[in-house]
Amino acid sequence: MSRIAYVNGRYRPHRDARVHVEDRGYQFADGVYEVCEVREARLVDERRHMARLVRSLGELRIGLPMPLSALSVVLHETVRRNRVRNGIVYVEITRGVARRDFAFPPPGTTPSIVVTARSLDSAKAENTAAEGIAVITLAETRWARPDIKSVSLLPNVLAKQAAREAGAREAWLVDAHGFVTEGASSNAWIITAGGEVVTRPADHSILSGISRAVVLDALAAKGLPFTERPFTVAEAKAAREAFITAASQIVQPVVSIDGTPVGDGRPGPLALMLRREFHRHAEFT
Ligand code: PLP
């Protein structure tokens with residue numbers, strides 16, 4: 001089946017979908033993005049993802065190229081045209097096309113928008129969850145505003161590649177004080193030996209994950225206590241369980257950190273329960 005991409009007002013065959021050579025996203029990574037999970041052909045937590053998109057755009061003073069209601073139609077239509085039942089939909093908005101100049105382009109420059117969608121193999125994701133994933137730790141080298149979901153992802157790219165070369169699926173980034181910030185493309189969680197569920201507070205040092213918010217809601221609904229505080233690598237290695245959250249992966253148990261097994265080296269029961277229950281606490285549109 002041929003794939004379709006939405007580019008600046010038109011649905012194009014994926015192989016012909018193009019942005020301009022002087023798009024500021026291409027030249028300066030001057031743009032933001034969102035990824036929503038698609039489940040049974042519906043968007044998961046669109047409202048919260050769009051609220052974060054609007055916030056990211058606002059922080060960078062990039063305009064929204066169309067009303068959110070129209071964007072919602074484009075997201076659903078891109079999912080429909082690509083016949084995605086289970087997968088992801090991606091939206092990227094950049095500051096637009098202009099003669100290359102570091103400072104903002106002239107007022108009136110239209111932001112560019114691209115939407116793509118693709119299927120993911122749900123059975124494969126379930127197998128991964130049943131086995132759990134390995135993570136490595138690396139020094140945090142990103143800028144001071146990872147709370148903005150910017151397409152400027154070079155440190156994340158290098159961290160993910162380092163993980164892959166080490167036989168791991170994710171890299172946890174560690175700040176100057178020895179505390180884990182988050183994964184290269186996910187939020188990081190532990191359950192301490194004492195049973196405390198811990199994740200870093202969503203300040204400027206991490207992306208405020210939508211899946212993170214869903215898991216916090218799930219924990220609250222179940223009456224399970226959690227603490228939003230930074231944790232160290234040593235604490236994570238001594239934890240009973242660990243896991244990551246992201247829209248494309250929901251909840252994935254972590255079974256080793258830098259080669260050290262977490263708990264008994266198998267996916268933990270709480271992480272697996274949160275994975276199973278996740279969509280009961282998400283919104284579908
Ligand atoms: N942190 C980073 C750096 C990410 O790239 C992502 C998702 O891609 C997340 C956290 C998780 O965010 P969400 O749950 O909204 O997908």
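## A tour from R3 to the ligand

R3 counts as partly exposed, at 30% relative accessibility. Select R3 to begin; you will find this residue in the segment before β1 (4-7). Keep in mind along the way that you are looking at a predicted model. Now add R15 to your selection: R3 and R15 are 12 residues apart along the chain, and their C-alpha atoms are separated by 7.9 Å.

**Zoom out to the whole chain**

Show the chain as a cartoon and look for its eight helices and 15 strands. Along the principal axes, the C-alpha atoms fill a box of roughly 55 × 40 × 35 Å. How does the radius of gyration agree with that of a compact globule? For 285 residues, such a globule would have a value near 19 Å, and the chain has 19 Å, so the two agree. If you colour by burial, 49% of the 285 residues count as buried.

**Stop 1: G31, a buried strand residue**

Next, select G31, which is found in strand β3 (residues 31-39). Is G31 buried or exposed? With a relative accessible area of 0%, G31 is buried, because buried means under 20%. Then pick S112 as well. G31 and S112 are 81 residues apart along the chain, yet 8.9 Å separates their C-alpha atoms.

**Stop 2: the two ends of α4**

Move on to helix α4, residues 122-131, and show the side chain of D121 at its start. One side-chain oxygen of D121 reaches to within 3.1 Å of the backbone nitrogen of A123. Now go to the other end: just after α4 comes G132, with a positive phi of about 85°.

**Stop 3: the ligand**

Show the ligand together with domain 1 (4-120) and domain 2 (125-280) in two colours. Where does the ligand lie relative to these domains? Both of them give residues to the shell around the ligand, so it lies between them.

Next, display the shell itself. There are 18 residues around the ligand, and R52, E182, I210, S211 and A247 come nearest. Sorted by class, the shell has six nonpolar, eight polar and four charged residues. Which helices and strands each supply at least two of the shell residues? They are α2 (46-60), β9 (180-183), α6 (210-222) and β13 (241-246).

Here are three distances to check with your viewer's distance tool:

- From K149, a side-chain N or O atom is 3.2 Å from an oxygen atom of the ligand.
- From E182, a side-chain N or O atom is 2.6 Å from a nitrogen atom of the ligand.
- From I210, a polar backbone atom is 2.8 Å from an oxygen atom of the ligand.

After these contacts, try a surface view. On its own the ligand has 390 Å² of accessible area, and the protein covers 93% of that.

**Stop 4: K237 and its partner in space**

Select K237, which lies in helix α7 (residues 233-237). K237 counts as partly exposed, at 27% relative accessibility. Add I190 for a second pair: 47 residues of sequence separate K237 and I190, with 9.2 Å between their C-alpha atoms in space.

**Stop 5: two positive phi angles**

Now compare two residues by their backbone angles. I250 has a phi near 55°, a positive value in a residue other than glycine. You will find I250 in strand β14 (residues 250-257). At a relative accessible area of 9%, I250 is buried.

Follow the chain to D258, in the loop between β14 and β15 (260-261). Phi of D258 is near 50°, and here too the value is positive in a residue other than glycine. Is D258 buried, exposed or partly exposed? D258 counts as partly exposed because its 33% relative accessibility falls between the cut-offs of 20% and 50%.

**Last stop: R276**

Finish with R276, found in helix α8 (residues 269-277). R276 has a relative accessible area of 62%, so it is exposed, which means over 50%. Add D203 as your final selection: R276 and D203 are 73 residues apart in sequence, and in space their C-alpha atoms are 28 Å apart.

How values were computed: Residues numbered from 1 in each chain as written. Predicted model: local features only at pLDDT ≥ 70, side-chain atom pairs only at ≥ 80, totals over all residues. Heavy atoms only, no water. Near = heavy atom within 4 Å. Polar contact = N/O pair within 3.5 Å; in protein donor to acceptor, adjacent residues only side chain to side chain. Areas by Shrake-Rupley, 256 points an atom, 1.4 Å probe, with all protein chains shown as cover. Helix = DSSP H or I, 4+ residues; strand = E, 2+ residues; numbered from the N terminus. Nonpolar A, V, L, I, M, F, W, Y, C, P; charged D, E, K, R; others polar. Domains from an automatic or database assignment. Rg over C-alpha atoms; globule rule 2.2 N^0.38 Å. Buried < 20%, exposed > 50% of the residue type's maximum accessible area, 1.4 Å probe, protein only.
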